[in-house]
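Thanks, everyone, for making the time. I would like to walk through one structure this morning, starting with a local detail and then widening the view.

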Amino acid sequence: MSDARPDVAPLGFLPPEHRAVLRRWAEEGGPLATRAGVVLLAADGLRDAEISRRLGVSRQTVGSWRQRWTSAGIEGLEHRPRTGRPATVDEAEVVTRTLLAPGGSGASRAVARELGLSHATVAGIRRRWRLTPDEAPAPSVPTRPPLPGADIWVMGLYVDPVRAVLLAGTRQGAAPPAAAGTVIGTDVLSGLDRALEAVLASAPAGEPGGGAPENGLAEYLALASDSHPDLGLHAITLWDRAGGTAPPEAPKGPVTHHHIPARSTWRTFLRAMIALDSTSHPESSRRVYLDLAAELERYAAARPDGPCAAVRWLRENVAGHLGADRPTDGGAQSQSWSGVNQIDLGSFNECVVIETVRLSGTITRGEIAHRTGLTQQSVSRIARSLLDRGILIEDAQRRATSGKPRTPVRLYGTAAHALGIHIDPEVLTAVVIDLDGAIVCTRTRPVTPDTDPAEFVERVAALGRETLAEARGAVREDGFLGIGVAVPGPVDIASGTVLGPPLMSAWGDLPLLYLLKDHFPCPVLMEKDSTAAAAGERWIGRDRRARDFAYLYLGTGVGTGLYLNGDIYRGVSSNAGEFGQLCAIALGRVDKDGRPEMMPECNPPVSVPDLAARGGMRPVPTASGSTAAYLAVGEAAAAGDPAAAAAVREVAQAVGRGALGLIDLLDIDLIVLGGPFFTDDVAAFYLDEIGRVVNEFPTARRLRRVEVEPSVLSAEAAAVGAASTIFHATFTPRLRGREGRARHLPAG
């Protein structure tokens, strides 16, 4: 269990002058020594219990002085509060502790113990902010004047040498989504604290208002209004060195102006707003606030002293939940697919039985009991329930050597369906598949990387609706489970954002998942394309893929999907399997500063035609980098053209060196090759070359034989895999949920 509790987070950046004063107090002894010791040790990251042990004081005393430092700074340590309780209560700190408490420990009594407050005080603050279960679904933020009671998002931050203004977004009547759980930690909040302290320290001295860009705030708020016309925007002043009671620049427009609550500091209020946002909206992920911290750090490092120096951080569209309700072409049609989770799996054991049947294809109840360790009675009861709900179907009876004939069962392929969409720089692909992995229908639509993001999302949604309409006759409406979307990495799964897809720069930082959720009333999952392909390989490959393996996905770039220890491995940020840098390191291809190169060999549609042309292939392949050029070289290589064959083999060698690193790192014995550029013409080159490298060079080559096999998936591997992620999330047995994705789809 992680020990990252709110009471162990560092207090933040201690300015050198404050640290010097605290050290002097600690050396002089007396009543100030304990207070200084609490702050110094807390700033070094020690737990309250450890501070209490070292200083020989109670945890309540430690919590009280931490709170005093947070709320009043060094001046607050000079005056002793009332016995046992802090003299002042920072409401925003209570809110932050309540929202970010791990494991549901944010009850009023627990927070009161941590902060040295009374239970009644904490409960009153929670009621004032509407954070109790019996209050309205939207919180109330008591700024001056109060923010409207609506779903609240952090939309931006403006900082110049004079003032800092937090931009919040609301929409009246917008029903907030279900709580996302804690998707941001105190480490991120502490990083923002340090960045803002550094900004304050770097501000130029001089006249109040000196160094502030003229009309900077007004221009920023005007830009925000243009970017988010459907939101109510609220500028909340965190600090103002000019000493004004209201922002001096108040442009005409929809932005309202506020000050932080009277019982909060700017630091704790910012923490509370971020906690409110991140625990209500999965889109408001760590990545969003890490980006903000990085921008603040760049600003502070530059030590701005020019007239235009300011941070103008404005968040991308939050998508979906705040957007206006928009009718779609197939609005009524889409609603008919909302019968999700009619297949309601009641227990872990049901998932175990389904997984056993899926891997075996056809199996008797007795064999299920033998393989799973469940009793015959349990298996019979579960099988009967699954048969009644149409998930399993009985096959022809088998004769037994003794006793009555046995009736095997198998998955009923048409019991459930899912839609998979693969997004590629050149083409969009959508497929509907059933539980057996059989493709019911396929549709494609061309796309160009410079397509406007709004138009692009509409095209993806329209393709999905068209594919569902075509599959309507073959798909049971109560058995349609949802939509999986496969995209090139890197991705921010928590916020549903495509970050920096190769050859698709116009779609960077696009909150695709939540834009698509506006169009479909069913669950929508997003996955990196190589990970989706691995999920599909596992699901459709059945017993042939019932062990650990790495899926090398040859697409616009080479990626890796990992299946380890009985589940898809995604990593902390769901970006496991980035393959290009592994190849570069294996081949010693690094820049002067040590950064691994972007290897052209890890982009087959670009590198293979280029290498073939340089090798003297005639005729020279045209449209270098396009799918057509790659396919032409592959066809020539299969026909015996030496330049084409050498080009494919050179790329296969580079990929093989990266695969060698995977084998040594993970100690696996199966590599699967697939993807749109693993075609029949080039398959033999990749299989032979990669198979040679991963078996001749590994450290433990005497102990294992690594198999290198083609994928069982079709050319639509990523789209089929994306649909399979829905099955994987619904049916794969898991003893516990994993952060972010490894859990069953929510019921209802």
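Let me begin at Arg-130, which sits just after helix α7 and takes a positive phi of about 60°. Please keep in mind throughout that what we are looking at is a predicted model.

Stepping back into the helix itself, α7 spans residues 119-128, and the buried residues in that helix are Val-122, Ala-123, Gly-124, Ile-125 and Arg-126. What covers these buried residues of α7? Part of the answer is helical, since the cover includes α5, residues 91-100, and α6, residues 108-115.

Now let me move to a second site, Ala-700, which lies in the loop that runs between helix α23, residues 680-696, and strand β19, residues 707-710. Ala-700 has a relative accessible area of 23%, and because buried would require a value under 20% and exposed one over 50%, this residue counts as partly exposed. In space, the C-alpha of Ala-700 is 7.6 Å from that of Asp-664, although the two residues are 36 positions apart in sequence.

Finally, the chain as a whole. The protein chain has 24 helices and 19 strands, and of its 748 residues, 55% count as buried. If we take the contacts in the protein chain with a separation of 6 or more, 68% of them are between residues 24 or more positions apart. As for the surface, the accessible area of the protein chain comes to about 31700 Å², and carbon and sulfur atoms account for 51% of that.

Definitions and conventions: Residues are numbered from 1 along each chain as its sequence is written. This is a predicted model: local features need pLDDT of at least 70, side-chain atom pairs count only at pLDDT 80 or more; totals for chains, interfaces and linings use all residues. Side-chain values use heavy atoms; hydrogens and water are left out. Helices (H or I, at least four residues) and strands (E, at least two) are DSSP runs, numbered from the N terminus. Buried means under 20% relative accessible area, exposed over 50%, partly exposed in between (1.4 Å probe, protein chains only). Contact means heavy atoms within 4.5 Å. Accessible areas come from the Shrake-Rupley method with a 1.4 Å probe; for residues, only the protein chains shown count as cover.
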